Each structure stands twice: as C-alpha cells, then as structure tokens.
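Trainee: Please pick one residue and take a close look at its surroundings. Then work outwards from there.

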Amino acid sequence: MADQTTIVSCTCGVRYERREVALPIKDVGCFDCDECGTRLEIWSGRKVPAFKRLPSEEREAKRA
Ligand SMILES: [Zn+2]
C-alpha cells in the first residue's frame, strides 16, 4: 500500500503533512486548523486524510 504524502498550508501559515489512509468502515469527519480553526477538509468515505502538524520554520515571515 503506497501512502501519498502531501503538504497542506493553512492561510495562517501552519503547515500540515497530509496522508491518506484507508479505513475498514466508512467515516465522516472534518479537520480544522489547530491554530486558527479554519476548516481545511471535510471527508466522507473509507479513504480519509490524516493530518500531522509540521513545525513552523518561518514564524517571523508571518504576515499581519
Ligand atoms: Zn490556520
């Protein structure tokens, strides 16, 4: 099983590593940014994304 990992960036600058995982049963859910609460994804099905927050390396580059 090949996992495809992508990087998702929120508008607030936080980045997440996104990986798709296959579940044995159907799942409905959503993922909100830890930092600002923006909804990044809604899913419904047996293939769901798993998010892992990445450490911010460009904190000072954040725009006001
Ligand atoms: Zn955010």
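Mentor: Start at Lys47, which is exposed because its relative accessible area is 56%. The cut-offs are simple: buried is under 20% relative accessible area, exposed is over 50%, and partly exposed lies in between (1.4 Å probe, protein chains only). This is a predicted model, so local features need pLDDT of at least 70 and side-chain atom pairs pLDDT 80 or more, while totals for chains, interfaces and linings use all residues. Residues are numbered from 1 along each chain as its sequence is written, and side-chain values use heavy atoms, without hydrogens or water.

Now the partner. The side chain of Lys47 meets that of Glu20 in a salt bridge, at 3.4 Å from N to O. The criterion is a side-chain nitrogen of Lys or Arg within 4 Å of a carboxyl oxygen of Asp or Glu. Side chains of opposite charge can pair when their charged atoms come close. This pair links distant parts of the chain: Glu20 belongs to strand β2, Lys47 to strand β3, and 27 residues separate them. Strands here are DSSP runs of E of at least two residues, numbered from the N terminus.

Glu20 has another contact. Its side chain also forms a salt bridge with Arg18, again listed at 3.4 Å, N to O. Accessibility sets these two apart. Glu20 has a relative accessible area of 29%, so it is partly exposed. Arg18 counts as buried because its relative accessibility is 13%. Add Glu41 to the picture: Arg18, Glu20, Glu41 and Lys47 are linked in a network of salt bridges.

The structure holds 6 salt bridges. One of them joins the side chains of Asp32 and Arg39 at 2.8 Å, N to O. Asp32 is partly exposed, since its relative accessible area is 29%. Arg39 is partly exposed too, with a value of 46%.

Next, the sheet that carries the Lys47 pair. The protein chain has 0 helices and 3 strands. From the N terminus the elements run β-β-β. The 3 strands form an open, antiparallel sheet in the order β1-β2-β3. Pairing requires at least two DSSP bridges between two strands. β1 (5-9) and β3 (39-53) are at the edges with a single partner strand each, so one side of each has no neighbour in the sheet. On average, neighbouring strands are turned by 40 degrees against each other, direction ignored. That angle is taken between lines fitted to C-alpha atoms.

Look at the individual pairings. β2 (residues 15-32) and β3 share 13 antiparallel bridges. Val28 has Ser44 in β3 as its bridge partner. On the other side, 5 bridges join β1 to β2. Thr6 has Arg18 in β2 as its bridge partner, and this is the Arg18 of the network. β1 and β2 make a hairpin with 5 residues between them, and Gly13 in the turn has a positive phi of about 105 degrees.

The loops bring in the metal. The zinc ion has Cys10, Cys12, Cys33 and Cys36 as protein donors, each through SG, at 2.2 to 2.3 Å. A donor is an N, O or S atom within 2.8 Å of the metal (3.2 Å for Na, K and Ca); water is not among the atoms, so sites may look incomplete. The spacing of the donor residues in sequence is C-x1-C-x20-C-x2-C. Cys10 sits in the loop between β1 and β2, Cys36 in the loop between β2 and β3, 26 residues apart. Cys10 is buried, at 6% relative accessible area, whereas Cys36 is partly exposed at 38%. The 4 donor atoms subtend angles of 104 to 114 degrees, so the arrangement is tetrahedral. The limit for that label is all angles between 85 and 135 degrees. For four tetrahedral donors the ideal angle is 109.5 degrees.

Finish with the core. The largest nonpolar core has 9 residues, among them Cys10, Cys33, Trp43 and Phe51. Members are buried Ala, Val, Leu, Ile, Met, Phe, Trp, Tyr or Cys residues joined through side-chain atoms within 4.5 Å. β2 and β3 are the elements that give two or more residues to this core. β3 supplies the largest share, 3 residues. Over the whole protein chain, 23% of the 64 residues count as buried.

Methods
Helix = DSSP H or I, 4+ residues; strand = E, 2+ residues; numbered from the N terminus. Axes fitted to C-alpha atoms, helices over the stretch in contact; angles between N-to-C directions. Tetrahedral: all angles 85-135°; square planar, octahedral: opposite > 155°, others 65-115°.
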